[in-house]
Amino acid sequence: MTDSQPHPEHDETRSGETAVELQSGVLEQSSESLEPEWPAEQPAAAQPSSLTLLGCTLACRDQLPAARVLRTTFRKHHPGAGFVLLLVDEPEAVRDEPDALSIADIGVDPQEFARLAIGCTAEQLRGVLRPRLLKHLLRSGSTVVHFEPWVQIFGPFDDLLTGLTPERPVALVPRVLHPLAADGLRPGPADLAESGTFDSSAFAVRPGAEDLLTTWIEQLRADPTMTAPVLDGAPALVDHQVIRDPGVGLSVFNAAQRQLDLADGEHRVDGSALRSVHFDGFQPQRPWLLSADYADNPRLLLSENPVLAGLCASYRTALVDAGYSREQPHPFDALADGVRLPDGLRRQYLEAWLRDDAPPSPFEPDGAAAFQEWACSPADDRQRNSGGSRWTAAVWADDELLRRDYPDPFGADAEAFHEWCAGVGVASGRVPAEAVRRRTGGDLALVDQLGVAVLGSGPLADLMRTAVGSSGLPSADTAYYPVVLRCSPGLAVPAGRYVIDVHTGGGTDADAAETWVLSESSRSAVRRTGSRTRVVTLPAPERERIDLPTRKGARARFELSDEFVLAAHVDHAAERADNALGLVSAFLTAFAERDDVRLLVGVAGATRHPEAAERLRLATASDSRIRLVETDVDLHKLLAAADCFVSLHRGDAGDEHALRLLEVAAHGVPVIAGEHGAVAELLGARCARLVPCQGAGEPDVEAAAEIIRDAADDPEGTAAFGVAARETLLGTHTVARAGARLRERVEHAYRNWRTKWAGDKHGQFDDPLRPLLVARHALHRAPDVGQSGSSSIAPALRKAVLRALSHYDDHIRDVLRSLVDGVEQTAGELLRRQYEADGDGDVESVRAELAQLLRRQDQFGAQLVGTDDGLVRARADLADQHRRLRRLEESGVPVDVTGSDQRVDALAERMDGLTGALEKVLDRMDAMEARQPDRDLEAGVAARRETRPARCSAPTCCSGSCCASTNAPPAAGTARPRRCSATRA
């Protein structure tokens, strides 16, 4: 400790207490502990120069052997110093290391740590905790020296740090003392720039560096993945000391520049004593490399530096003695069930956490299920349609081979990538089974019936679903029906559908057959692209009026009282179209002197478009009556606080403003808007105060100022106008009217689909309604009046008669057209009901089942034929044995009593047994033949299998053939033939 450092009184009792406290872990303070009162600073002249040193490191479980080597060597060369190890593990983990702190001891909230553990890699997590540990240790008043776990100490650091003072509280170690050559060897200048000029493996701080550490903490809190070397910015923020001793920080960056010698058992570097070696990247299983991080073209070879090779061998032995056996995984690399977390999923979680939109961490108590549900769910409609999820997207993003094989995993390659995930991904453990979802896009089943599918999300899609619900049409949220309303651009739709793009203006996808827009102006703009365009009728959203408690709460939130409030909403992404500066000009013109009005502007996109945001801020900074709401922008909160809503958007804006103003008017809030486009067509003068325009869609600022001034002068009349506008809107833009119009359009689209896509799919003669559609064209045929007749004036007379009867002819055509339409609708409805009655019309599956039944019947028939053949062969064998026995008995040849008689007796015994078995077989055959023909086929087969005789295996039985008789009774005077005993059941 230097003379200028605050330090405790130097007496033997206090020094002994300090040593005991450091060894026993007094520094392990919780975040809720009180700040200790450290002794006051002593006069510099009264005490000799001294230094209280405290070493520290952060280590995960897999880095504990290296941390033990560091701790042992540090204490060897600093016997009076303390050493603290922060174990980066779960807060409730068992603490089995001396001088070890947990994350709770340094004031880190367990929930924050659990979310950092899932959002950061191992090194990023250690980087976030490093400044927090240092700030915690500085409370002891000691000089804290930080080392990375892979550092080995060979000499003391006390004399190098005596120059630190409260005004100069930081000591840094440069990685190199001489420039690295750009010769292609590694590490090179690019590697040095990436790693940083100052080595984070060894640096020191003392009291006075708290502001630097606080800045460091805040930077990492905002971006835990910050890759820029933090220490490189320290010289600009705080006075510091640079330790240029060549014996400090010998590493892969500078070992080729410094001469390492061993003399009299002491290592020296460029003539100075070796103090520390940084084994960053050293792997005990590859001891021939100083750093495996630069193995491709290393700048230094251990084979050419035997002294350094000896240090590496000794360090490897020390690691093994400290408990190293093999590389251990990071404790937060996998979930509790062993499934490894992709780095891409960590990035997604971190982004959601920084947006304050993240689920609980799986390392929180009871957080695993919520995290699993979030990770295995799709992030957008593309992933949802292709059966993907956040997890599968992360696996694809992390794997170069997958990116090469499936360039568009949720588009053109969705089916193949989905098969990989369900097969290889799940089998290898890289993808949980829950992360492979059912595909809702791709080759979905198509039901050939009148219905509509609505795809997409947002206000426009919600209104379209409301209209579809009132139309009476069958509907779905997937491409289940032929007619598909796509309300979000870019959604993939399976082939064979009649796709209708519904949007608020802009481009149309190439696969769209039609485009529906909200106004005639948008229709004119879209038709220039050659697309068939129609104007769709939207229902007004049914919303409740804003009540008084909600209004008071919203005004209190924005610090408003009884002022007349004009609200607006602008998006900096469409700065010119939204015309925010025109609105500000109109407000300032209308209320140059009044202080009882306020302009409340909700601003979106301020972060993404800083230039536009700054332009608006400067335009409103001088007027305290204008408030910009740039965070937590909610349209409904703005409406709750507003007396009137103003939108002076220009004519080149899309129809999305009309959707917003429909929502505003449905709440009963008066609307002031430009008189052009969809707003003028949907709302009109009865539902909004319209501002005249100068030229093509440019609202007149002077006229707008007059209108909003009149609104503020008569707040009761303005509120009454808003209520009346709401009633008018709900009365004219009814859900029933929008549903009826949508049904007509969908029926027309369905007929077009049947004419085109159904014809392409089934052939031109397979559509049952095709003859009726062809016959419809006969209604447009004109009569042939030019045909010659018996009189030369016949054609002229025909023309005159047709001219006279043209009204009657039109009437007949209308009647016939109505009849054809009715027949077509009736036929279509009958077809639909027939499909429903037939189980969705799946005739092919019924045919397949019938074919399968026929195949089974043929198989059973073949088995029966085989059984009959076996029986016939058995009967033939038995008859042959019977004939041979008859011949033997009738021959009358004398036989040997001792030999032939014994063989005859044995044969007779076998025949007796065969006779009994044969009688049973014949009885069962008779029963089978007596059965009715309509008996069950399978039962008959089973019965015949039971009666199938076995082959004879007796070596003495008639050359191995079975003996039997036919169904005919035996001849008179002879016994029923006997069979071989080997054929018994």
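In this predicted model, Arg615 and Glu575 form a salt bridge in which the closest N and O atoms are 2.8 Å apart. The pair links distant parts of the chain, since Arg615 sits in helix 20 (residues 610–620) and Glu575 in helix 18, with their positions 40 residues apart in sequence. Arg615 counts as partly exposed at 35% relative accessibility, and Glu575 counts as partly exposed at 30%.

**Salt bridges**

Side chains of opposite charge can pair when their charged atoms come close. A search of the whole structure finds 45 salt bridges, and the table sets out three of them.

| Pair | Closest N to O distance |
|---|---|
| Arg615 and Glu575 | 2.8 Å |
| Arg115 and Glu364 | 2.9 Å |
| Asp643 and Arg551 | 2.4 Å |

The side chains of Arg115 and Glu364 meet in a salt bridge; Arg115 belongs to helix 3 (residues 110–119) and Glu364 to the loop between helix 9 (343–354) and helix 10 (368–375), so this pair ties together parts that are 249 residues apart in sequence. Arg115 is buried, with a relative accessible area of 14%, and Glu364 is buried as well, at 14%.

Asp643 pairs with Arg551; because Asp643 lies in the loop between helix 21 (635–641) and strand 22 (644–647) while Arg551 lies in helix 17 (residues 548–557), the pair ties together parts that are 92 residues apart in sequence. Asp643 is buried, with a relative accessible area of 18%, whereas Arg551 is partly exposed at 25%. Elsewhere, Glu123, Arg126, Arg130 and Glu148 are linked in a network of salt bridges.

**A buried threonine**

Asp643 is also one of the residues touched by Thr718, whose contacts, not counting residues up to four places away in sequence, are Phe564, Asp643, Pro670 and Ala711. Thr718 is found in helix 26 (residues 715–732) and is buried, with a relative accessible area of 4%. The side chain of Thr718 reaches the backbone oxygen of Ala711 at 2.9 Å.

**Nonpolar residues inside and at the surface**

In soluble globular proteins, nonpolar side chains tend to be buried together. The largest nonpolar core here has 65 residues, of which Leu125, Leu129, Phe371 and Trp391 touch the most other members. Helix 4 (residues 122–137) gives the most to this core, with six residues. Leaving aside neighbours within four places in sequence, Phe371 is in contact with several residues, including Ile118, Leu335, Leu341 and Tyr349. A second, separate core of 46 residues includes Leu70, Leu250, Tyr294 and Leu302.

Nonpolar residues also appear on the surface, where Val801, Leu805, Tyr808, Ile812, Val815, Leu816 and Leu819 form a patch with about 590 Å² of accessible area together. The largest share of this patch, five residues, comes from helix 30 (residues 806–837), and Leu819 is found in that helix.

**Unusual backbone geometry**

Most residues other than glycine have a negative phi, and most peptide bonds are trans. Asp264, although not a glycine, has a positive phi of about 55°, and Asn579, also not a glycine, has a positive phi of about 55°. Asp264 is found in the loop between strand 9 (260–263) and strand 10 (266–269), while Asn579 lies in the loop between helix 18 (575–578) and helix 19 (580–590). Is each of these residues buried or exposed? Asp264 is exposed, with a relative accessible area of 84%, whereas Asn579 counts as buried at 6% relative accessibility. A cis peptide bond joins Arg186 and Pro187, with omega about 0°, and Pro187 is found in the loop between strand 6 (170–172) and helix 5 (189–195).

Conventions
Residues numbered from 1 in each chain as written. Predicted model: local features only at pLDDT ≥ 70, side-chain atom pairs only at ≥ 80, totals over all residues. Heavy atoms only, no water. Patch = residues over 30% accessible without salt bridge, like charges linked within 9 Å, V, L, I, M, F, W, Y side chains within 5 Å. Areas by Shrake-Rupley, 256 points an atom, 1.4 Å probe, with all protein chains shown as cover. Salt bridge = Lys/Arg side-chain N within 4 Å of Asp/Glu carboxyl O. Helix = DSSP H or I, 4+ residues; strand = E, 2+ residues; numbered from the N terminus. Buried < 20%, exposed > 50% of the residue type's maximum accessible area, 1.4 Å probe, protein only. Core = buried A, V, L, I, M, F, W, Y, C linked by side-chain atoms within 4.5 Å. Contact = heavy atoms within 4.5 Å. Polar contact = N/O pair within 3.5 Å; in protein donor to acceptor, adjacent residues only side chain to side chain.
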